[in-house]
Amino acid sequence: MQTASSPAPLLAARGLSVGLVNRHGAFLATKRVSLAVDRGQSLGLLGESGCGKSITLRALLGLVPHPGEIVGGSVTWKGRDWRSLSKSEIRRIRGKDIAMIFQDPASCLNPVFTIGDQVTETLRLKLSLKAKAARELARDLLDQVGIPAPEERLRLYPHQLSGGMRQRVMIAMAIATEPDLLLADEPTTALDVTIQDQILTLLAGLKERNRMAMILVSHDVGVVAQNCDLIAVMYAGHIVEWGPTYDVLRTPRHPYTRGLLAAIPRLEVSGGRRPLQTIAGAPPTPGELPEGCPFRLRCSSARAECATIPVTLDHKPPGHGSACPIVT
Amino acid sequence: MRPFPPGIEEDAWLRLTKRARLDRRWATISLYAGIAIVAFIAGLSAAAPFLGLKDPTATDLMNALQPPSLAFPFGTDDLGRDIFARVVYAGRVDLVFGIVVTYVSLVIGLSIGAISGYFGGLIDTVIMRIVDLVISFPFIILILTIAAIVGPGLTGAYIGVIAVSWALYARLTRGEMLAIRRREFILNAETLGYSAPRVVFVHALPNLLRANLVFSMSDIVLNILTLAALSYLGLGVAPPTPEWGEMIAQGQKNLFNAWWISTLPGLVIVLAGIGFSLIGDGLADRLDESGR
Amino acid sequence: MSLIAFAGRRLAQAIPVLLIITVAAFSVIHLVPGDPARVMLGSRATDEAVQVLREQLGLDKPLVTQYLDFLKAAMRLDFGDSLFQRTAIGPIVAARAVHSLALVAYAVLISLVIAVPLALLSAIRRNLLADHVVRALTTLAFCMPSFWTALLLVLLFSIRLKFFPTSGLGDSPLAYLASLTLPAVSIGLYLTPILLRSLRASLIQTLGAEFVEAARARGFGEARILFKHVLRNSLIAMLTILGINVGFLISGAVIVENVFSIPGLGSLMVAAIVQRDYPVIVALTLVFGVVVVAANFLVDLSYALLDPRIRQ
């Protein structure tokens with residue numbers, strides 16, 4: 001994916017394909033996905049719901065839900081293949097070197113334990129702290145993520161906190177171990193717009209301070225544009241465009257990315273109203289496996305050969321790849 | 001066969017597709033095996049008079065307490081009656097009871113539940129209070145009490161079991177109704193100005209049937225078991241009419257020296273129950289639109 | 001303090017339900033077609049005897065007065081006399097309730113010991129061989145008539161192996177326990193499929209919850225996730241499942257008590273119906289109703305104790 005620089009990237013996926021099972025049979029949720037992040041870098045995975053971005057994120061941590069599994073490609077962490085690691089090594093990496101936060105903070109916390117129980121459990125297991133030290137650190141962490149009156153909050157149950165506060169708790173647990181990489185699955189989608197901003201600012205600050213890498217999954221172009229150095233656009237399980245955020249947003253190359261960007265309403269100071277564009281049709285359901293370019297059925301530039309071309313990224317401008325050989 | 005997706009490890013992909021196929025196949029096998037079992041027992045019972053079976057009520061003391069043999073496949077009871085013939089004839093009482101009671105309850109419960117869920121408010125509160133009470137009350141006590149009022153016998157059993165089992169359908173339907181209440185096709189029908197009964201019974205009903213049909217299969221089993229239990233207690237079908245539970249009761253006094261009298265009719269109940277349960281499992285998979 | 005308020009509110013909700021039950025129990029006698037006193041005594045009874053019974057039962061008074069008298073008496077646990085045994089019903093019911101209670105508790109214990117581990121196994125190995133086997137056994141047990149299971153157990157353990165008595169109750173504590181074992185196993189096997197199915201569904205739901213995935217992403221071991229996070233949630237569900245099925249449990253007990261001739265409330269109920277002993281039927285309907293309401297109340301209360309979301 002990235003030009004092979006000598007030190008291995010922090011995390012890299014090469015040709016990753018994840019198979020899942022639904023009632024119609026087995027299907028590929030992601031197809032030959034390759035990506036990489038380095039220390040201090042943030043990558044945005046952008047796409048519509050069902051395009052395979054969330055399952056990609058889970059596959060990076062080896063968390064594909066049974067009966068699904070990774071059926072092709074590999075994931076490497078600091079140059080080591082996941083498959084060469086033992087179960088206990090994987091458990092040590094999870095939650096210590098790589099942390100993850102989820103879309104719905106309401107259901108990510110166990111409803112029957114207090115916030116304090118859950119935060120200190122992580123600290124005791126991951127940092128081998130004693131109960132008292134864990135309690136103190138937990139209080140500091142809640143303070144760090146901007147939760148007022150942390151001492152009292154520790155005694156509360158998840159349902160007694162607001163959505164924004166719960167997400168802050170999740171973040172506090174995630175950053176407790178100063179992870180090298182944070183995986184964030186739509187971290188602000190379930191929250192109000194004002195809270196969204198606060199959470200994203202918080203994440204950006206943490207990233208700066210700890211030189212943490214981040215992979216942010218979102219369907220929201222704005223969220224990705226503000227927070228990420230790199231963008232990978234996913235469509236129907238494929239990465240169809242990859243590049244630095246500025247380049248991708250400024251000069252999108254793949255027809256799908258262009259459609260996606262044209263579909264964002266924007267306030268224009270002059271020039272009157274511009275009709276809002278939409279992409280015709282619907283994305284293919286995960287079970288369908290069209291040969292060739294997956295976007296051809298909705299693409300206005302589609303030609304006959306689109307049905308047979310392989311979906312691979314070119315790299316015409318260095319570091320900015322598109323999977324469409326037709327539109328350049 | 002679909003071309004093999006490129007970039008995929010062949011054995012991993014095959015493992016996955018096999019897993020997917022296996023689950024589907026189990027559901028199909030379950031459905032057809034269930035239909036076969038039920039059809040076999042029902043067919044035998046329906047055709048009973050034409051099978052050249054011995055008279056199920058004729059006593060023959062010369063042949064009392066015969067163990068299973070070629071002449072008497074399931075043996076004979078203490079009055080020398082052929083147990084196989086009795087089991088087959090009993091199917092007419094038990095299966096008809098199970099099916100009639102179940103679907104009468106379904107229709108009653110579904111109507112009440114749909115009304116309750118559709119209108120909400122006070123009607124809903126009152127209906128659901130009654131439903132909760134009926135469901136949480138020990139059903140056998142309710143049925144026995146009704147049998148005490150109506151008098152023992154098949155009629156009491158019919159009334160008693162229907163009086164109890166409608167409530168489960170009402171609760172199930174109400175839940176489904178609440179779930180689809182705000183879906184577009186109902187709102188659409190309302191905006192078009194259709195009357196409330198039309199909306200409830202024409203537009204929503206097919207969607208409510210799904211869960212009810214799946215549940216009705218276990219309910220048939222429960223209802224057959226209930227009739228058998230009532231007859232066993234001497235409050236259902238009266239002797240000498242053959243009925244599975246009554247036959248088990250008859251065998252109890254000879255349990256020491258003639259195990260087959262009680263055991264074999266019980267096995268037939270279990271077999272019929274498994275048949276309906278398998279159909280239920282298969283149907284659940286077929287009618288499940290949500291995927292997994 | 002909020003727990004007491006919760007209990008109070010829940011108790012207040014139970015009162016109308018209890019009233020409905022008293023009305024239903026009271027109505028039993030009046031729903032019988034014909035003259036209740038005549039039906040109770042049978043067709044050969046003299047007119048004088050019928051008249052005496054009518055007065056004894058207060059059937060000549062207005063319906064509302066009858067109901068209020070019934071309610072007042074019931075509060076003093078006075079249910080009148082049994083027509084068949086010619087003694088007060090209260091003490092009869094009390095003596096028999098002990099045996100029924102012991103039997104039901106024993107059965108629940110057996111059922112939990114079978115259902116909880118199997119449901120756990122089934123849920124973790126979902127759609128794998130172990131799960132298919134457990135589900136097949138569940139369906140089998142569900143289809144077995146409880147009285148038939150009881151007879152099979154007698155055939156095997158009493159007649160062939162002579163481990164347990166075939167019927168009745170033992171005198172010494174050990175003999176008592178031994179004589180309750182087969183009945184309790186029969187009821188247990190009757191209840192187990194119901195509990196197991198619900199528990200398996202609840203476990204699968206919890207295993208799929210996001211907080212489980214989050215715990216995995218945090219690198220927690222599977223054993224810790226299962227036994228600390230999932231089980232705590234599912235035990236709360238288990239309590240609800242038990243509460244919902246109290247009625248089912250009692251039904252099983254009524255049938256099985258008759259198989260083993262255990263002098264409990266279930267065999268009393270069946271005998272009363274056969275003998276047309278209406279005062280006993282009325283009293284038992286009321287008792288069972290109160291038991292169900294009380295059980296549900298206790299379940300809700302312990303639920304509130306365990307689940308922080310309910311409390312406030």
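This is a short walk through a predicted model, taking chain C, then its contacts with its neighbours, then chain A.

Okay, let's start with chain C. What is chain C built from? There are 14 helices and 0 strands in chain C, so to speak a run of α after α when you read along the sequence. If you fit a box around the C-alpha atoms of chain C along the principal axes, that box comes out at roughly 85 × 55 × 35 Å. Chain C has 312 residues, and buried residues make up 41% of them. Now take the contacts in chain C between residues at least 6 apart in sequence: 70% of those join residues at least 24 apart.

Next, the domains. Chain C splits into domain 1, covering 3-75, and domain 2, covering 94-307. Taken over C-alpha atoms, the centres of domain 1 and domain 2 of chain C are separated by 32 Å. The contact takes 19 residues from domain 1 of chain C and 13 residues from domain 2 of chain C. Which elements of domain 1 of chain C give two or more residues to the side that touches domain 2 of chain C? Those are helix 1 (2-31) and helix 2 (36-41) of chain C. Helix 1 of chain C gives the most, with 15 residues. As for the kind of residue, the side of domain 1 of chain C that touches domain 2 of chain C has 17 nonpolar, 1 polar and 1 charged.

On to the neighbours, and chain B goes up on the screen now. Here 35 residues of chain B are in contact with 36 residues of chain C. On chain B, the elements giving two or more residues to the side that touches chain C are helix 3 (121-136), helix 4 (139-150), helix 7 (196-232), helix 8 (244-252) and helix 9 (260-287). By class, that side of chain B has 24 nonpolar, 10 polar and 1 charged residues.

Now swing round to where chain C meets chain A. That contact takes 19 residues from chain C and 22 residues from chain A. On the chain C side, helix 9 (210-217), helix 10 (222-244) and helix 14 (308-311) each supply at least two residues. Helix 9 of chain C has the largest share, 6 residues. The side of chain C that touches chain A divides into 7 nonpolar, 5 polar and 7 charged residues.

Last stop, chain A itself. Here we get a sheet: 4 strands form an open sheet in the order 2-1-4-5 of chain A, with antiparallel pairing. At the edges sit strand 2 (25-37) and strand 5 (80-81) of chain A, each pairing on one side only. Strand 1 (residues 11-22) and strand 4 (residues 69-77) of chain A run antiparallel and are joined by 7 bridges. If you want a spot to click on, A:Gly19 stands opposite A:Glu69 in strand 4 of chain A.

And where does helix 1 of chain A lie? Helix 1 of chain A lies across strand 1, strand 2 and strand 4 of chain A, at about 115 degrees to strand 1 of chain A. This helix, residues 53-60 of chain A, has 7 of its 8 residues buried, so it is largely enclosed by the rest of the structure. Among those buried residues are A:Ile55, A:Leu57 and A:Leu60, and also A:Lys53 and A:Arg58. Just after helix 1 of chain A, A:Gly62 takes a positive phi of about 70 degrees.

Conventions:
Residues numbered from 1 in each chain as written. Chains lettered and ligands numbered in written order. Predicted model: local features only at pLDDT ≥ 70, side-chain atom pairs only at ≥ 80, totals over all residues. Contact = placed C-beta atoms within 7 Å. Nonpolar A, V, L, I, M, F, W, Y, C, P; charged D, E, K, R; others polar. Buried ≥ 20, exposed ≤ 12 C-beta atoms within 10 Å, placed from the backbone. Domains from an automatic or database assignment. Pairing = 2+ DSSP bridges. Axes fitted to C-alpha atoms, helices over the stretch in contact; angles between N-to-C directions.
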